[in-house]
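Student: I would like to go through the enclosed spaces in this model. Please give the terms as we need them.

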Amino acid sequence: MQNTSSFQVYNASAGSGKTFTLVKEYIKVLLTSDDIFSFQKILAITFTNKAAGEMKERVLSSLEDFADGKENDLLNIIVDEITIDKAIIQERSKKILDAILKNYSAFSITTIDSFTHKIIKNFAFDLGLSLNFEVEMDAVSLLNEAVDVLISKIGTDKKLTNLLIDYSLDKTDDDKSWDISRDLSEFARILLNEDDVQHFRSLADKTLEDFTNLKSKLYNQQKELKDSIKKVGEECLQLIENNGLEHKSFMRGTIPKFFADLSIKSVDIDFIKRSETINKAIENNQYYSKSTTEFVASSIDQIVPDIVRLFKEAEVIYQQFSMNKLALKSIIPLAVLNNINSELENIKEDNNIRLNAEFNQLISDNIKDQPAPFIYERIGQRFQHYFIDEMQDTSVLQWQNLVPLIDNTLAQENSNLLLVGDGKQAIYRWRGGKAEQFIELGSDRVNPFHVSKEIKNLETNFRSYSEVINFNNSFFQHTANFIQNESYKKIFIEGNKQIENAKKGGLVSLTFLEKNEDKELEKVKYPQKVLEKILQLKESFSLSEICVLTRTRKDGVAVANYLSEKGIDIVSSETLLLKNSAKVTFIVDVLKVLQNPSDEETRFEMLYFLHQHLQIEKPKHVFFNEFAKADNETILESLKNLGVAFNASAFHQLPFYEKIEEIIRGFNLINSSDAYIQFFLDVVLEQQRNGTDVGEFLEFWELKKERLSIVAPESAGAVQIMTIHKSKGLEFPVVIFPCDVDIYRQIKPKSWLDQLPESYEGFDELLVDYSKSLSIVSERGLDIYNKQREELELDNFNLLYVTLTRAVEQLHVITDKKISAKGEENTNFYSGVFINYLKQQNLWSDDLSEYIFGDVQRVSEKKEESSVAEIHEKFISTPWQEHNIVLLANSSKLWNTEQWKGN
C-alpha cells in the first residue's frame with residue numbers, strides 16, 4: 001500500500017502497450033487499497049469515447065478473470081509488483097467487481113470533455129448559464145448561421161455594409177472571388193480555437209471605427225513608404241553618378257541594378273531574394289571584381305559606407321511596408337469577426353445552447369481559481385488518483401485547468417498521478433494539443449507539483465513484427481536530421497530505439513512512382529498502385545486485414561472510388577456518405593422540386609434518375625424533352641402508367657417524416673433493405689423532433705451532407721480506408737500508405753504578430769497571413785516564422801510516424817519519385833526523405849522503383865473471415881392509415897366483456 005504521493009510520466013512509443021500499462025496501474029491501485037469502493041476515488045481520463053470504453057472493458061474483464069482464478073500475463077506482473085498472493089487478489093477482485101457493478105456511474109473512466117462538461121453543469125448557476133442548457137458539438141454549423149445572419153444585415157446597417165463592401169473589394173483586388181460568405185465561414189472558425197481566444201479578447205474593446213481608422217492610416221502610410229523607397233533608389237543612383245562611376249563598374253552591376261529598380265518599381269520587386277544577394281556582397285566586401293582598376297576601386301570604396309546606409313534604409317522601409325501590407329489584409333476580417341462573435345452569442349442565448357469548444361475557457365476564467373475542495377464538493381466526487389492517457393493530445397488549457405485539482409490531491413498521502421503519452425504522436429495541434437507540453441513534462445526541467453517526478457520509458461513494441469519495428473527505428477532516427485528544433489529532434493532519436501517482441505519477420509516496402517505526362521493517368525496513379533498491392537496481398541491476407549491510410553479525406557475518396565469501380569469491397573466513412581446514394585439524392589431533389597416548382601435544373605436531375613430507375617424504354621433525350629418544361633402535376637400524372645403512385649396533394653398534408661416515406665413508397669425506391677435510405681430516415685426523424693419543416697431540412701442538408709454517413713460495422717470482406725487522424729490508436733495487419741506530403745505546406749496559415757509599432761494606435765497584435773514576408777518585418781516576426789516552421793516540421797513528421805506505426809505485419813508505402821536532373825531529392829516532401837534514407841543506407845538506385853525489407857510471405861496464421869453485422873433483408877414502411885390502431889375510450893369498463901373480447 002502506498003504511503004506517499006507519486007507522480008509518474010510514461011513515455012510510451014507506438015505499440016508499447018500503454019493501455020495495458022494504464023489498466024495494470026489502475027488495477028494495482030484497486031488491489032492495494034483497503035476500501036473496495038476505491039474506484040470512486042480514481043479519475044482516468046482518455047482522449048476519445050472509444051478509448052474510454054476500451055479501458056473500462058479491459059479493467060472489468062481483467063478483474064473478472066482474477067475473480068475466476070484465471071491466470072494471465074497481467075496477473076503475474078501485478079503479483080510481482082505488489083507482493084500480494086493470488087488468493088487475496090482473487091478475493092479482492094470479486095468484491096471490487098461487485099462494488100463497481102452496483103455503482104457503475106462512479107466508475108470514472110471518461111474523456112476529458114465529459115469531465116469538463118460535468119464541472120460546467122455543476123457550476124452553471126455561478127456562470128450565469130441556464131441550468132438546462134444544451135451542448136452543441138457542431139460549432140461550425142452555428143458559425144455558418146452567425147455568418148449568414150451578419151450578411152443578411154447588408155443594406156440595413158450602413159457601417160457594416162461598408163465594411164463588407166471593402167472586404168469584397170480587397171478580395172477582387174487579389175483576383176479572388178468577391179463572394180465573402182464562404183471565406184468568412186472558414187475564417188470564423190478561428191473563434192473556436194483555444195489558442196486564439198485570448199488574442200481575440202485583446203481586441204474585444206475595439207470598435208468598428210478603430211479598425212477602419214487604422215486601415216485608412218496604414219493605407220496612407222503605404223503611399224508614403226513607396227515614395228520613400230523610390231527616393232532611396234534615386235539617391236543611391238545619384239551618388240554613383242556624382243562619383244563618376246558606371247553601373248558596370250560594380251560586380252555584375254548587382255548593386256546599381258537593385259537601386260535602379262527601386263527608383264522605378266519601388267516595392268514591386270522581389271526584395272527578399274535580391275536583398276539576400278546585396279547582404280552577401282556587404283558581408284564579404286565584394287563590390288567589384290579583381291580586375292577593376294585601382295582608381296575605380298578607390299572611388300567605390302569611398303562611397304561604400306553610403307551605399308550600406310542607403311541599403312539599410314531601404315530594408316527598414318520595406319520591413320515597415322511588408323508589416324503594413326500584412327496588417328491591411330487582416331484588419332477588415334478581424335473587424336468582421338467581432339461582429340460574427342456577437343451574432344454567435346445571440347444565437348446561443350436564443351437557443352439556450354453552449355458550445356463544447358468553449359467549456360475549457362469557461363473553467364479557466366471562472367472556476368480554476370476556486371478552492372479544489374469546493375470543486376470536488378460541487379461535482380460530488382473527490383478523486384485521489386489521476387490517470388491521464390494520450391497526454392500529448394491534451395490541450396494546454398485543459399491541463400492548466402486540471403493542475404489545481406491534481407496539486408490539491410497530491411498534497412495528501414496515498415495519492416497518485418500517472419501521465420502516459422508520446423510526443424511523436426501529437427497530431428492535434430489544431431485542437432490545442434501541443435507536443436511541447438508533454439515533452440517538457442517528460443523531461444527533468446518541468447514539474448508543476450511539489451511531488452518528485454518519476455519518468456519511465458515503455459521501450460518494447462508489442463504491436464508490430466520485427467521488420468516493421470527495425471525499419472521504423474532506423475528510418476525515424478534518420479528523419480531527426482531534418483528537424484531543426486533540438487528538443488523535437490531528441491524525441492525522434494531517443495524515442496525510436498524500440499525493443500522487438502516475440503513476433504519475428506514481417507515486411508516493409510517502399511514504392512516510388514514516376515510522373516505521368518498524361519494528366520488523367522497522373523490522377524489515378526496512386527489508386528492504381530493501391531489496387532495492384534491489394535491484388536498481390538489477396539492470396540495471403542483477407543481484405544478486412546488491409547487498411548489504406550491517406551493524408552486527406554479527398555485522397556481517401558479518390559482511392560475508394562477507384563477500388564469500388566474495380567470490384568474491391570471497401571469500408572470508409574468518407575465513401576459511405578449519404579449524399580453518394582442516388583436514391584437519397586433523388587429524395588432530396590423531389591423535396592426541392594415540390595418546394596420550388598420552377599427549379600428546372602433539379603427537375604432535370606430528378607428525371608435523369610427516374611429514366612433509369614423506372615427502366616423507361618424511350619430514349620433519354622425524348623423523355624427529357626417531354627417533361628423538362630412540364631409542371632409537377634403533369635409529370636406525376638404521366639408516371640402513374642409506370643407504377644408511380646405519388647400524390648403531391650396528399651404529400652403536403654403529411655408530417656415531415658411521413659413525407660419522406662411517402663416519396664420512398666410512391667416512387668418504389670426500395671423493395672429490400674437499403675442502408676443509405678435507413679440512415680437517411682434516421683436523420684429525417686431526428687430533424688422532425690427538432691421541429692424541422694421541408695425548407696429548413698433542405699438548408700440543414702446543404703450544410704451537413706458532406707459529413708452525414710452510414711455508421712458501418714467492421715466488414716469481413718472489405719478493405720478499410722481512413723485518414724491518418726482517424727487511425728490514431730488503431731492497428732492493422734497490413735497498412736498501405738499512398739501519399740506524398742509537402743512538409744512545409746499549410747492551408748491559409750495565420751499567425752498572431754505582436755510587438756507592433758506605436759503607430760498602430762493601440763493595437764498590440766494582429767492576426768496576419770503566415771508567409772516568408774513575416775520573417776522580414778521584424779525580429780519578432782522572424783521568431784514567430786521560425787517557431788511555426790519548426791512546429792510544422794514536427795507535426796508532419798508526427799503524422800508520418802503515426803502512419804508507419806499502425807502496421808502489425810506488413811507496411812507498404814507508395815510515394816513519388818521526385819528527383820531533379822542532377823539526381824537530387826527534395827527533402828521538403830516525404831518522398832525526398834525516403835529517398836535520402838535509402839541513399840544513406842547505400843540502397844538507392846535510379847533504376848529501381850521498389851525496395852523490400854523483409855519477406856513477402858505471411859508469418860502469422862490467416863484467420864477465417866466472419867462478420868458481426870446482422871443484415872436486414874426487408875425494408876418496412878407502412879402508411880399510418882394502414883397501421884390499424886384502435887383507441888378505446890373508457891376501456892376499463894369494457895374489461896372482460898364481449899366487446900373487449902371482440903377487439
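Tutor: Ala, Val, Leu, Ile, Met, Phe, Trp, Tyr, Cys and Pro count as nonpolar, Asp, Glu, Lys and Arg as charged, and the others, Gly among them, as polar. This is a predicted model, where local features need pLDDT of at least 70, side-chain atom pairs count only at pLDDT 80 or more, and totals for chains, interfaces and linings use all residues. Residues are numbered from 1 along each chain as its sequence is written, and side-chain values use heavy atoms, without hydrogens and water.

Student: What makes a space a cavity?

Tutor: On a 1 Å grid over the protein atoms alone, a cavity is a set of points where a 1.4 Å probe fits but cannot get out, and lining residues have an atom within 4 Å of a point. Two cavities of 30 Å³ or more are found here. The largest holds about 120 Å³, a volume being the space filled by probe spheres set on the points, which are joined across faces, edges and corners.

Student: Which residues are closest to the centre of the largest cavity?

Tutor: Ile119, Ile363, Asn401, Leu402 and Leu405, out of 14 lining residues. By class the lining has nine nonpolar, four polar and one charged.

Student: Which helix gives the most to that lining?

Tutor: Helix 16, with five residues. Helices are DSSP runs (H or I, at least four residues), numbered from the N terminus.

Student: Why is Asn632 called a lining residue of the second largest cavity?

Tutor: Asn632 is listed in that lining, so it has an atom within 4 Å of a point of the cavity. The lining divides into eight nonpolar, one polar and no charged.

Notes
1 Å grid on protein atoms, 1.4 Å probe; cavity = no way out; pocket = protein on both sides within 12 Å on 5 of 7 lines; lining within 4 Å. Helix = DSSP H or I, 4+ residues; strand = E, 2+ residues; numbered from the N terminus.
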